[in-house]
Each structure stands twice: as structure tokens, then as C-alpha cells.
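Please open the model in your viewer and set the side chains to be drawn as sticks, then follow the stops below in order.

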Amino acid sequence: MAADRAEATGGRWGDHNTERRRAIIAAYVELIEESPPGADIPLQVIADRAGVKRSVIYRHFSDRGELDARTREFAVEQVVDLVMPDFDPEEGLRATVVRIIGTYVGWVSVHARLHGWIERGPGSGDPAGQAVVAGTKAAIAERVAQLFTMAASVVGQQHSGIDPAAFAIVSLVDGGVTRWLETRPADLDEAELTRLLSDAIWALFDAMARARGFVVDPERPIAELLADPPARLDI
């Protein structure tokens, strides 16, 4: 019992505790991706896949709700880390958009069941689970806003609309990808969907820039734009 308490609270059992939690979460993710959408996955099945006793799950998670929440956090953190890498100064703005969208579309295509499970939230729409999903979208939107803000700052511009525009873009992408997953049109593969969404995003960015008197070359490397920003046109 003393060892169990130490494992649950950290101490010399801390590393082992972390490994066990990760193993349980990894097993749960595997089962989600293997099971039909909406399928119930019993704790015993998760324990068997993780190679632990069912009681061990309760040493690391207070209940099924916490296991769901921690698993969802693990999955969405992976998405954010994958989709939003550091900017490449040698890459053009449009190429950066295409890379981000293409990575996201590719991940969702491979992990469609996990994506659906994340979106549905734990159980019957637990608000805590939905908060994690919303937080993930907010994190991605903030990175998109950083890209737009950086582009605006190089020409001495500031605009309070950048932040809501970034969130609108994330909603556009999320809605488009979710619909694509539901319908899977035969003539719209991952590459074409990426192009379609990237074109929509760039059209919005370009329109915002032109409305303020700037024309930004989408292929020009970010480093060059920072060093030699485009001049404002007479409008």
C-alpha cells in the first residue's frame, strides 16, 4: 500500500508513474483508432492493451472522465505540435500556409476516428472535453494570428481584426476538413483539399493586404519580406 501511494503521488515512483500513465493513454488511443466511431471501449480492454491490471488505471486516473480528458489533451497536444512548427524564414508565406494545412489534412485523414472522438467530447458532450477541443483550436488560431501579425508589422501596420480573422480561418479549415471526412468525395483527395483550403486562406490574406494598399508576393521568402517590406501603393 505504501508503494501504491508513493506511485500515485510521485517521489521515487514518479518516473514509473508517468510511464504507466503514458502506456494507458497510448493503449486507449490505439483502441479508439481501431474501433468503430462511437464504440464503447471498456476499461478492462484498455487495461489489457496497456498490459496492466484494471485497478492500476484507477491509481493514475480518478475516474473514466479524467482518463478521457487526459487522453484528449494528449491527442490534441500532438496535433498542435505537428501542425504548428516554427516558421521557416526561407519559405514564402503561401508555402507556409500550404505546409500547415497539408500537415493537418494529412493527420486527420490518417487519424479520422481519433479526430472524430476528439470533436465529440467525452461521454455525451462533457463541457470539460469541449473546452480542450476549443483550446486546441485557439492555440492554432493564435499561431495563425502570429503569422498575420508578423506580415502586417513588416509594413508598419497594426489591426485589431487580425485576431478574429485568424479564428475565422481556423473555423473555415476545421469545418471544411470535417465535412470532407464525412463525405469523402471521389474527386477531392488530400492534395486537392489542401490546395482548396490554402487558396481560400491566401485569398483572405491577400484581400486584407490590398484593402490597406499592399501587394504581398506569396512566393517571396519570409526573410526577404522582413528585410525589404513591400511599399504601400496609392489607393
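Begin by selecting Glu224, which is partly exposed with a relative accessible area of 40% (buried means under 20% relative accessible area, exposed over 50%, and partly exposed in between, with a 1.4 Å probe and protein chains only). Add Arg220 to the selection, and you will find its side chain joined to that of Glu224 in a salt bridge, at 3.5 Å from N to O; the term stands for a side-chain nitrogen of Lys or Arg within 4 Å of a carboxyl oxygen of Asp or Glu.

This is a predicted model, in which local features need pLDDT of at least 70 and side-chain atom pairs count only at pLDDT 80 or more, while totals for chains, interfaces and linings use all residues. Residues are numbered from 1 along each chain as its sequence is written, and side-chain values use heavy atoms, with hydrogens and water left out.

Next, select Glu73 and Arg70, whose side chains meet in a salt bridge of 2.6 Å, N to O. Both residues belong to helix H5 (residues 64-83), where they sit 3 residues apart, about one turn of the helix; helices (H or I, at least four residues) are DSSP runs numbered from the N terminus. Glu73 is partly exposed at 26% relative accessible area, and Arg70 is partly exposed at 25%.

Move on to helix H9 (residues 162-183), which holds Glu182 and Arg179, 3 residues apart. Glu182 forms a salt bridge with Arg179, with 3.5 Å between the closest N and O atoms. Here Glu182 is exposed, at 57% relative accessible area, and Arg179 is exposed as well, at 53%. Finally, select Arg94, Glu192, Arg195 and Asp199, which salt bridges with shared partners join into one network.

Note on methods: Helix = DSSP H or I, 4+ residues; strand = E, 2+ residues; numbered from the N terminus.
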